[in-house]
Every structure is written in C-alpha cells, then in structure tokens.
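Good morning, and thank you for coming. I should like to take you through one structure, step by step. Please look at the display before I continue.

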Amino acid sequence: MIVRLGYVAMSVELKNASPSQTMTFKQFLQIPDREAAIQKLERIAKNNLTNCLRLLKHNVANEIHFFRFSSKLIPLANHEELSDWKYMRPLKEILQEIGHYLQEHPIRVDFHPDHFVLLNSKSTDILNNSIKTLAMHEALLKGMGIDPEHRCVMHVGGAYEDKEKALEQFIHNWAYVPASIQRMIMLENDDTSFHLEHTLYLCEKLGIPLVFDYHHHLANHENPEWEKEWDRVVSTWSLSKLPIKMHISSPKSEKEYRAHADTIDREMFLHFLHTIKGSVHEIHCMIEAKKKDAALFQLVEDLKGEKNITWLDQSSFEIQ
DNA sequence: GCCAGTCAAGTCCCG
DNA sequence: CGGGACTTGACTGGC
C-alpha cells in the first residue's frame with residue numbers, strides 16, 4: 001500500500017507566507033472610502049494566493065504531493081454587505097498562474113471550509129450562505145483549472161438536539177444543493193456530534209466519499225471498532241477519480257483530548273496503517289498537527305528505519 | 001517586540 | 001432565553 005502525506009494550509013518553515021491574511025468587517029467599515037477598502041481586500045486576496053503559490057513551490061521542493069488550501073483566501077468574500085463585490089475578477093491571473101504550476105507539478109489540492117458552513121441547517125439563510133461559500137470554493141478551483149470533484153471536505157453539521165432528525169435534514173437539504181457543488185463534497189466524521197456510522201449513513205445514501213478522521217473517531221464513537229466499517233469507508237470512494245484520503249492527528253493531552261497536538265504520534269499512525277494495509281492500493285493521509293509541515297517532516301523522520309516501509313520519496317512510502 | 005485582548009462565524013452549554 | 005465558550009489564525013493596542 002502506497003501512503004502519501006500532506007499537510008494543512010500553511011507552513012511553519014516558510015516565513016511570511018500566510019495564505020490567510022484578513023480584514024474583519026469592522027476594519028472594513030473603518031475605512032471611509034469604500035472603493036479603497038475593497039481595493040485593500042483585493043490586495044489581501046491576491047497576496048494570499050501568491051503565498052499559496054509559494055507554498056506549492058515549497059511542497060514541490062520537499063516532494064509533498066498533497067495539500068489543503070486555506071479557506072480564508074478571500075476575506076469577506078461571503079459577507080452580505082459586500083454582495084456587489086466581484087471578487088473573482090482581480091484574481092483571475094494569479095489563479096491561472098497557480099493552475100499552470102499545478103499542471104507542471106501535480107499536487108492533490110483541496111479545501112476544508114470551516115464549520116460555519118452547514119448543509120443541514122433548517123434555516124434557509126444559513127443553508128444559502130453555506131452554498132454561497134461553497135460556490136466561492138468552486139470558483140477558486142475552476143479558476144485554477146482543477147476539476148472540483150471531491151475537493152471540499154465538510155462536516156455533517158449541527159446536531160440540533162436530535163441527530164437522527166439532523167441527518168434527515170441533511171438529506172432534505174441536499175436536494176437544494178446545486179449538482180456541481182454536490183460533487184465537490186466529501187464528508188468527515190466529527191469529534192462531537194456525528195460519528196463514523198452517522199457519516200457513513202449519509203455517504204452511502206447520497207454517494208459522497210467519506211474522509212475518515214481517526215482522531216475524531218477516538219474522541220467520538222458509538223462503536224470503537226472502526227475496522228469493522230472500514231470496507232464501507234473504502235466503498236464510498238469507488239466512484240471517485242481520486243485515491244482515498246483520511247485525516248490524521250494526535251490528541252494534545254488526555255485532558256484536552258480533542259485538541260490537536262504539535263506533532264503526530266508515530267505508534268498510533270503505524271497501528272492504523274497496519275490495520276488497513278492491503279485494503280487499498282494508495283491512501284493519502286492529511287497531517288493535521290499544530291506544527292503543520294514541520295510535523296510532517298518530523299513524522300517522516302520518526303518513520304525512517306521502520307521495517308516494512310520502503311520510501312518512494314521525501315513524503316511517500318510503501319508499507320508491506 | 002512581546003502579550004493580552006479582539007475579531008468572525010453558528011452551535012452548544014450553562015444559568 | 002440570553003450571554004459566554006468554543007476554535008483558529010491574524011491582527012491591534014498597550015507597555
């Protein structure tokens with residue numbers, strides 16, 4: 001089984017390369033000239049995308065083939081007071097530049113909008129805003145010339161005091177989600193409300209790939225034996241052009257179990273891999289650690305010399 | 001130049 | 001039912 005490692009959004013190694021610089025609405029209102037304020041937003045967005053390109057180059061230099069973009073690339077893109085702002089126009093060139101770079105240096109890229117994007121809300125306002133935010137993600141991918149299919153990881157959403165009802169609400173709302181956005185989505189089991197079986201239920205019913213988060217599963221499960229459902233998880237990827245992906249992180253501490261540690265616990269990761277090896281040809285593991293790319297490099301160091309592992313490059317290996 | 005506080009979002013918890 | 005915590009990185013203001 002081939003394993004490729006990726007990391008999230010920003011680098012702790014590459015300096016002054018934040019892809020998430022921002023302006024709050026409050027700051028926006030403090031600039032008296034609205035045009036000037038919008039130009040500042042556009043400068044920030046362009047700068048964020050330029051930093052994304054720098055991050056991609058950093059990834060290529062380190063043979064990393066898997067990367068999650070920040071979802072904060074365009075500050076206030078979805079704000080209701082800025083609905084007249086055509087934010088995509090000034091970004092066309094830099095997006096194309098990123099697209100060209102990705103054609104020459106293929107890296108699997110995707111997004112993970114933060115959990116204010118809720119597809120199972122009963123409120124049409126929240127649902128419509130969520131769809132709007134997803135449409136922004138779609139536009140960014142298209143601007144880069146990337147097929148948006150299965151490029152956006154989401155959580156199921158709010159529990160709203162009744163998880164079974166909340167799951168049915170997701171199915172109900174799904175019909176109102178444009179088809180092009182539906183096909184962008186992957187669903188992840190979360191650490192407080194919707195565990196693996198909940199998420200599988202939706203994924204199987206709606207044909208959505210499931211991104212298994214091992215740490216979330218340890219924090220939130222009904223049945224601890226995820227292995228029994230693993231084949232079902234793999235099956236949700238059968239229609240995808242992309243290899244199965246999962247999230248890997250380690251608890252910060254026993255007390256702050258759900259919080260992410262700086263780095264990845266080697267033993268936990270190896271245990272997981274040995275459990276699933278043979279079930280798929282290739283798996284992509286997204287490292288979600290405080291230390292971002294440094295945690296990935298650390299994990300690679302920690303796995304060096306491990307028997308049954310043959311390194312393919314700086315971030316990929318084959319495990320027997 | 002560092003540290004504490006602020007900001008944004010929707011949900012959830014507590015009183 | 002209302003206010004604060006939660007979460008995360010960026011940013012601001014005070015010293």
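Let us begin with a single contact: an N or O atom in the side chain of Lys26 is 2.3 Å from a phosphate oxygen of DNA strand B. Please keep in mind throughout that this is a predicted model.

Lys26 has neighbours in this region. The residues around DNA strand B are Thr24, Lys26, Phe116, Leu118, Ile126, Gly158, Ala159 and Tyr160. Of the strand B atoms that come within 4 Å of the protein, 78% are accounted for by sugar and phosphate. Two further contacts with phosphate oxygens of DNA strand B deserve mention. Tyr160 places a polar side-chain atom 2.5 Å from one, while Ala159 uses a backbone N or O atom, at 2.8 Å. By class, the surface near DNA strand B comprises 5 nonpolar residues, 2 polar and 1 charged.

I turn now to DNA strand C. Which residues surround DNA strand C? They are Met10, Ser18, Ser20, Gln21, Thr22, Gln27, Arg258, Lys290 and Lys292. Here, sugar or phosphate makes up 100% of the DNA strand C atoms within 4 Å of the protein. The side chain of Ser18 has an N or O atom 2.5 Å from a phosphate oxygen of this strand. Thr22 contributes a polar backbone atom, 3.1 Å from a phosphate oxygen of DNA strand C. For Lys290, a polar side-chain atom lies 3.5 Å from a phosphate oxygen of DNA strand C. The surface near DNA strand C divides into 1 nonpolar, 5 polar and 3 charged residues.

Next, the pockets. The largest pocket holds about 1,000 Å³ of space. It is lined by 30 residues, and those closest to its centre are Arg68, His112, Asp114, His115 and His260. This lining consists of 9 nonpolar, 11 polar and 10 charged residues.

The second largest pocket has about 580 Å³ of space. Among the 21 residues that line it, Leu76, Asn78, His79, Asp114 and Thr133 are the closest to its centre. Its lining has 10 nonpolar, 8 polar and 3 charged residues. You may recognise Asp114, which was also named among the residues closest to the centre of the largest pocket.

Let me pause at one residue in a loop. Glu80 sits between strand 2 (66-68) and helix 3 (92-104). Is Glu80 buried or exposed? Its relative accessibility is 62%, so Glu80 counts as exposed. Glu80 and Ile126 are 46 residues apart along the chain, and their C-alpha atoms are separated by 12 Å. Ile126, you will recall, is one of the residues around DNA strand B.

Finally, the cysteines. How many disulfides does a search of the whole structure find? The number is 0. Why does Cys52 not form a bond with the closest cysteine? The closest cysteine sulfur, in Cys152, is 14 Å from the sulfur of Cys52, and that is too far for a bond. Cys52 is buried, since its relative accessible area is 0%. Cys285 is likewise in no disulfide, and the nearest cysteine sulfur, that of Cys203, is 18 Å away. With a relative accessible area of 0%, Cys285 is buried.

That concludes my presentation, and I thank you for your attention.

Terms used
Residues numbered from 1 in each chain as written. Chains lettered and ligands numbered in written order. Predicted model: local features only at pLDDT ≥ 70, side-chain atom pairs only at ≥ 80, totals over all residues. Heavy atoms only, no water. Near = heavy atom within 4 Å. Polar contact = N/O pair within 3.5 Å; in protein donor to acceptor, adjacent residues only side chain to side chain. Nonpolar A, V, L, I, M, F, W, Y, C, P; charged D, E, K, R; others polar. 1 Å grid on protein atoms, 1.4 Å probe; cavity = no way out; pocket = protein on both sides within 12 Å on 5 of 7 lines; lining within 4 Å. Points joined across faces, edges and corners; volume = space filled by probe spheres on them. Helix = DSSP H or I, 4+ residues; strand = E, 2+ residues; numbered from the N terminus. Buried < 20%, exposed > 50% of the residue type's maximum accessible area, 1.4 Å probe, protein only. Disulfide = S-S within 2.5 Å.
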